[in-house]
Amino acid sequence: MIRAIYPGSFDPVTFGHIDIIKRSAANVDELVVGILVNKVKKPLFTMAERYEMLCDAVKGMENVRVETFEGMTVDFARKNNASIIIRGLRAVTDYEYEMQAAQANRTIDPEVETMFLITDLKYAYLSSTTVKEIASYGKSVDDCVTPLVSEKLREKFSCTF
Ligand code: ADP
């Protein structure tokens with residue numbers, strides 16, 4: 001039984017995240033998507049909102065479930081009996097941070113491996129930050145996010161797109 005976790009802020013979930021979820025879920029028995037209570041980043045969406053949007057995004061994916069967590073990623077992996085941490089890589093700019101995080105996690109728990117999936121070219125420039133910025137100017141983000149996320153962004157920014 002190979003179980004993996006896919007941790008992140010998901011503020012909000014984008015098609016880039018969903019692509020990583022689908023591709024990793026196809027290669028493990030069970031995938032637990034973990035929404036991190038991040039003490040550093042100030043999220044636009046509450047945990048409950050991010051949870052709702054992610055659950056909606058993964059509905060119908062039989063071996064994927066969504067959870068929230070606080071604290072260290074390796075502890076979340078252990079709690080779920082997961083041996084793999086999935087992360088997505090977009091540009092080289094992701095690389096340095098991800099390498100440090102993976103090495104730190106490996107030092108703490110060498111039995112948990114971090115595995116990287118390279119972004120699909122379609123989503124290489126897609127990030128939650130970009131999506132929020134576009135939506136904040138009243139532009140449509142329907143090409144980047146699910147209808148529910150698009151609706152929630154419209155509500156947040158009181159837009160009519
Ligand atoms: P974090 O705050 O932990 O970086 P994010 O929600 O921004 O959380 O991202 C979670 C994971 O998804 C990270 O590994 C990130 O690199 C990856 N990711 C985000 N957007 C994309 C994308 N467009 N393509 C591939 N991976 C992505």
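This briefing covers the ligand site and the salt bridges of the structure above. The model is predicted. Its ligand occupies the largest pocket, where 17 residues surround the ligand. Salt bridges number 15, and one of them joins strands S1 and S2.

**Ligand surroundings**
- Tyr6, Ser9, Lys41, Gly88 and Tyr123 are the closest of the residues around the ligand.
- By type, the shell consists of six nonpolar, six polar and five charged residues.
- At least two shell residues come from each of four elements: strand S1 (3-8), helix H1 (15-25), strand S4 (84-89) and helix H4 (92-108).

**Polar contacts and cover**
- Ser9 has a polar side-chain atom 2.6 Å from an oxygen atom of the ligand.
- Arg87 also places a polar side-chain atom by an oxygen atom of the ligand, at 3.1 Å.
- For Arg90, an N or O atom of the side chain is 3.3 Å from a nitrogen atom of the ligand.
- On its own the ligand has 550 Å² of accessible area, and the protein covers 92% of it.

**Salt bridges**
- Side chains of opposite charge can pair when their charged atoms come close.
- One such pair is Glu30 with Arg3, whose side chains form a salt bridge with an N to O distance of 2.7 Å.
- Because Glu30 belongs to strand S2 (residues 30-36) and Arg3 to strand S1, this pair ties together parts that are 27 residues apart in sequence.
- Strand S1 thus appears in two places: it supplies residues to the ligand shell, and its Arg3 takes part in the salt bridge with Glu30.

Technical notes:
Residues numbered from 1 in each chain as written. Predicted model: local features only at pLDDT ≥ 70, side-chain atom pairs only at ≥ 80, totals over all residues. Heavy atoms only, no water. Near = heavy atom within 4 Å. Polar contact = N/O pair within 3.5 Å; in protein donor to acceptor, adjacent residues only side chain to side chain. Areas by Shrake-Rupley, 256 points an atom, 1.4 Å probe, with all protein chains shown as cover. 1 Å grid on protein atoms, 1.4 Å probe; cavity = no way out; pocket = protein on both sides within 12 Å on 5 of 7 lines; lining within 4 Å. Sits in = over half its atoms within 2 Å of the grid points. Nonpolar A, V, L, I, M, F, W, Y, C, P; charged D, E, K, R; others polar. Salt bridge = Lys/Arg side-chain N within 4 Å of Asp/Glu carboxyl O.
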